[in-house]
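User: I would like to learn how to read pockets, surface patches and salt bridges in a model. Could you take me through them one at a time, with the general idea and then the case at hand?

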Amino acid sequence: MRLVLHQFRYDQKVFWRNPAAIFFTILFPLLFLFGLATFFGDHRISALGGIKVSTYYVPAIIVLSIIAATLVSLAFRLTQARESGLLKRIRGTPLPSSVFIAGRVGNSLVISAIMVVLIGGIGHLVFGVKVPTSTLPALLVSVAVGAAAFSCLGFALAAFIPNEDAAPAITNAIVFPLYFLSGIFVPENEIPDGVLKVAGVFPVRPLFEAIFKAYDPSTTGSGFALGDLAVVTVWGIAGLVAALIWFRWEPRST
């Protein structure tokens with residue numbers, strides 16, 4: 001545990017000293033939140049019970065920030081570390097592989113938690129989006145499940161990215177279409193039902209549904225979307241299995 005905490009502190013320092021990582025993981029989602037909620041925030045979505053568009057976009061951007069802090073960040077940084085030979089050198093040290101992985105995943109989980117608090121706070125203070133209280137446990141569980149699942153998918157995706165230059169193109173080619181199909185950028189009432197059903201097979205849409213349910217003022221009960229969380233969990237397990245089988249520590253480029 002002492003080694004894990006030491007590695008986690010190291011990964012935190014590396015992250016906060018990297019301007020590009022801060023921009024794409026912290027500032028990028030906030031720009032989308034301010035842009036979308038400012039231009040469309042006062043409109044209401046009649047198909048979703050008349051909720052304000054800003055109430056819709058807060059959980060949507062929370063999902064985007066979780067994916068940016070986990071899958072996107074891990075895929076980028078792990079590929080870079082592998083191709084530079086860093087991962088190979090780490091394997092040659094006494095540091096256990098599990099400690100290195102725990103540090104990276106722990107860093108992603110903490111950044112995800114920071115973004116949830118930051119986006120939720122800005123949504124409440126700037127755009128008047130009520131912070132869920134009765135459904136707060138459901139929100140926290142959904143965030144935790146999503147962050148863990150997409151961390152596993154980040155390791156799995158890194159295993160299939162051939163080189164550092166291809167990492168941004170491949171990762172963005174995967175996540176951005178899913179953002180649009182899943183209702184992250186475009187309200188779901190503007191998306192055909194057939195497209196939403198297809199998007200529901202992938203993990204982005206179910207994670208959004210789970211977090212949106214916690215934010216939806218019309219939600220009654222605990223707010224847990226167990227079916228959606230089950231889909232996200234299955235994807236996380238699949239990512240974990242794929243990472244265990246195909247993730248490599250040696251550079252793939254020659």
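User: To begin with the pocket, how much space lies in the largest pocket?

Analyst: Keep in mind throughout that this is a predicted model. The space in the largest pocket comes to about 440 Å³. The lining is made up of 20 residues, and those closest to the centre of the pocket are Ala20, Phe24, Val72, Ser73 and Phe76.

User: Which helices supply at least two residues each to the lining of the largest pocket?

Analyst: Once the lining is known, it can be read against the secondary structure. Here α2 (19–40), α3 (53–83) and α7 (166–181) each supply at least two residues of that lining, and α3 gives the largest share, with seven residues.

User: How does the lining of the largest pocket divide by class?

Analyst: The lining of the largest pocket has 13 nonpolar residues, together with five polar and two charged ones.

User: Turning to the surface, which residues make the nonpolar patch?

Analyst: A patch is read from its members and its area. In this model, Phe160, Ile237, Leu240, Val241, Leu244, Ile245 and Trp246 make a nonpolar surface patch of about 710 Å². Helix α10, residues 226–246, gives the most to that patch, with six residues.

User: Is leucine 244 buried or exposed?

Analyst: A residue counts as exposed when its relative accessible area is over 50%. Leucine 244, which lies in helix α10, has a relative accessible area of 68% and is therefore exposed.

User: Now for the charged side chains: how many salt bridges does the structure hold?

Analyst: The structure holds four salt bridges. In one of them, the side chains of arginine 104 and aspartate 11 meet at 3.1 Å, taken from N to O. This pair links distant parts of the chain, with arginine 104 in helix α5 (residues 97–127) and aspartate 11 in helix α1 (residues 2–16), 93 residues apart. Both arginine 104 and aspartate 11 are buried.

User: Why do glutamate 83 and arginine 82 count as buried?

Analyst: The cut-off to apply is a relative accessible area under 20%. Glutamate 83 counts as buried because its relative accessibility is 15%, and arginine 82 counts as buried because its value is 2%. Glutamate 83 and arginine 82 form a salt bridge with each other, in which the closest N and O atoms are 2.6 Å apart.

User: What are the places of arginine 205 and glutamate 188 in the chain?

Analyst: The side chains of arginine 205 and glutamate 188 meet in a salt bridge, at 3.0 Å from N to O. Arginine 205 lies in helix α9 (residues 204–215), whereas glutamate 188 lies in the loop between α7 and α8 (193–199), so the pair ties together parts that are 17 residues apart in sequence. Arginine 205 is buried, with a relative accessible area of 5%, and glutamate 188 also counts as buried, at 14% relative accessibility. When reading such a pair, one should also look for further partners: Glu188, Arg205 and Glu209 are linked in a network of salt bridges.

User: Lastly, what distance separates the C-alpha atoms of alanine 156 and aspartate 193?

Analyst: Separation along the chain and separation in space are two readings to set side by side. Alanine 156 and aspartate 193 are 37 residues apart along the chain, and their C-alpha atoms are separated by 30 Å. Alanine 156 has its place in helix α6, residues 136–160, and counts as buried because its relative accessibility is 6%.

Notes. Residues are numbered from 1 along each chain as its sequence is written. This is a predicted model: local features need pLDDT of at least 70, side-chain atom pairs count only at pLDDT 80 or more; totals for chains, interfaces and linings use all residues. Side-chain values use heavy atoms; hydrogens and water are left out. On a 1 Å grid over the protein atoms alone, a cavity is a set of points where a 1.4 Å probe fits but cannot get out, and a pocket is an open set with protein on both sides within 12 Å along at least five of seven lines; lining residues have an atom within 4 Å of a point. Grid points are joined across faces, edges and corners, and a volume is the space filled by probe spheres set on the points. Helices (H or I, at least four residues) and strands (E, at least two) are DSSP runs, numbered from the N terminus. Ala, Val, Leu, Ile, Met, Phe, Trp, Tyr, Cys and Pro count as nonpolar, Asp, Glu, Lys and Arg as charged, and the others, Gly among them, as polar. Patches are made of residues with over 30% relative accessible area and no salt bridge: like charges are joined within 9 Å, nonpolar side chains (Val, Leu, Ile, Met, Phe, Trp, Tyr) within 5 Å. Accessible areas come from the Shrake-Rupley method with a 1.4 Å probe; for residues, only the protein chains shown count as cover. Buried means under 20% relative accessible area, exposed over 50%, partly exposed in between (1.4 Å probe, protein chains only).
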